[in-house]
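Good morning, colleagues. I should like to take you through one protein structure, beginning with a single strand and working outwards from there.

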Amino acid sequence: MAIKASSIGMSLMPERFFLSGRLLRTSSLSTSSSQLFPRKCAVVARNLSGLEEFMQNNRLREKRPAKSKKKRLSLRQGQVSPPLIVPENIPRPPYVGMELPEISGEIQVHNSEGISRMRDSCRLAAQVLEHAGTLVKPGVTTDEIDKAVHEMIINAGAYPSPLGYGGFPKSVCTSVNECMCHGIPDSRPLKDGDIINIDVTVYLNGYHGDTSKTFFCGDVEESAQQLVRVTEECMMKAISICKAGAGYKTIGQTISEHAEMNGFHVVEIFVGHGVGKVFHSEPIIFHQRNKRPGRMVEGQTFTIEPILTTGSTRHVMWDDGWTALTADGSLAAQFEHTILITKSGADILTKC
């Protein structure tokens, strides 16, 4: 689950004219010729205009895809159902019931027991995310996905971390199409051609595991598929350069280079974060080019979760205070892993 940087203080015309006959005129002809020529010009112009129309129609038919796509409609708010119930015997994170979210200025470095618990919580998060992805089909509502995620988490004896975090009303984030992140599950059915990011975080045995992935719903256009592929590549390339002693700023450099090479844009306002006993902590991970100081430490855990768009990286917020959309309605995609820093590299904890 991303954290908002500002919340932590960062915050071919001539030919066409000729064929239409508009350039077929002269002032140097004799009177008798000039009386005849306009008629001939008119006939030629009409014939050429008809030929042009015929050729244009043929070209349009050739370019038309076998199956025409409907124009994607802008995302609209659906009805949000009440928060789901968590059994009393399941331990809650400390922020539940508090108005303010939990943010720590400390880097979370774990001992062997802490690493073991992080592995357990992250493995569960990955399993829940994988199951949630199988539910993505046209006609399924994001509220139905939330219910399935909630049930799987509590059945494992864990708490769905987003529920009650700063007032968030659901157990998972579902961000569709132009939604950058933090979409609230509601009654809107998924449509053929949608893309959807599902962001799962679980609190198990006192530790949070955090992961997300963007899924395809039905028949998705190639341009959207490319955005999703490149976003995942950006995350994986960034993870590959992480190890003890590496600078945090190399993450943003790596992501920006690959995104720009493929014609996409990196959202700056939402960032990765430290995760462990505390949901959100230092280090703050910027996904764009930056000069942030600091180096990775063996035993620490944090998320890398870039958001890429096909257009604007500016955002607008719905009145729910959570749902962030691209300002121009362009598509957005996000991927996220929780990683453990080791001497030689980074261990991806959020995988099955």
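**A strand covered on both faces**

Strand β16 is covered on both of its faces: His337, Ile339 and Ile341 on one side, and Thr338 and Leu340 on the other, are all buried. Buried here means under 20% relative accessible area, exposed means over 50%, and partly exposed lies in between, with a 1.4 Å probe and protein chains only. The strand spans residues 337-341, and 5 of its 5 residues are buried. As background, side chains in a regular strand alternate between the two faces of the sheet.

Before I continue, a word on the source: this is a predicted model, in which local features need pLDDT of at least 70 and side-chain atom pairs count only at pLDDT 80 or more, while totals for chains, interfaces and linings use all residues. Residues are numbered from 1 along each chain as its sequence is written, and side-chain values use heavy atoms, with hydrogens and water left out.

Which strands pair with β16? Strand β11, residues 301-304, runs antiparallel to β16 and is joined to it by 4 bridges. Within that pairing, threonine 303 has threonine 338 as its bridge partner. Strand β17, residues 346-348, is also antiparallel to β16, through 3 bridges, and leucine 340 stands opposite aspartate 347 there. A hairpin of 4 residues leads from β16 to β17. Two strands are said to pair if DSSP finds at least two bridges between them.

**The protein as a whole**

In total, the protein has 6 helices and 17 strands. Helices (H or I, at least four residues) and strands (E, at least two) are DSSP runs, numbered from the N terminus. Of the 352 residues, 47% are buried. The accessible surface is about 17,400 Å², and carbon and sulfur atoms account for 54% of that surface; such areas come from the Shrake-Rupley method with a 1.4 Å probe, and for residues only the protein chains shown count as cover.

**A sheet of three strands**

Let me turn to an open sheet of 3 strands, ordered β5-β14-β13 with antiparallel pairing. β5 (179-181) and β13 (315-317) are at the edges and have a single partner strand each, so one side of each is left without a neighbour in the sheet. From one strand to the next, the twist averages 45 degrees. β13 pairs with β14, residues 324-326, over 3 bridges, and methionine 317 has alanine 324 as its bridge partner in β14.

Two residues in the loops on either side of β5 deserve mention. Asparagine 177 lies in the loop between β4 (173-176) and β5. Its phi is near 55 degrees, a positive value in a residue other than glycine, and asparagine 177 is buried at 2% relative accessible area. Histidine 182 is in the loop between β5 and β6 (195-204). Is histidine 182 buried or exposed? With a relative accessible area of 6%, histidine 182 is buried. An unreviewed UniProt entry places the feature "binding site" at His182 and His280; such annotations may be inferred rather than shown by experiment.

A further backbone detail concerns strand β10, residues 280-285, which contains proline 283. A cis peptide bond joins glutamate 282 to proline 283, with omega about 5 degrees.

**Salt bridges**

Side chains of opposite charge can pair when their charged atoms come close. How many salt bridges does the structure hold? There are 10, where a salt bridge is a side-chain nitrogen of Lys or Arg within 4 Å of a carboxyl oxygen of Asp or Glu.

In helix α3, arginine 117 and glutamate 113 lie 4 residues apart, about one turn of the helix, and their side chains meet in a salt bridge at 3.0 Å, N to O. Arginine 117 is partly exposed at 33% relative accessibility, and glutamate 113 is partly exposed at 46%. Arginine 123 and aspartate 120, also in α3, are 3 residues apart and form a salt bridge at 3.2 Å, N to O.

By contrast in setting, aspartate 194 is buried at 3% relative accessible area, and arginine 188 is buried at 13%. These two form a salt bridge, with their closest N and O atoms 3.1 Å apart. In addition, salt bridges with shared partners join Asp143, Asp146, Lys147 and Lys170 into one network.

Thank you for your attention.

Methods: Axes are lines fitted to C-alpha atoms, for helices over the stretch in contact, and angles run from 0 to 180 degrees between N-to-C directions.
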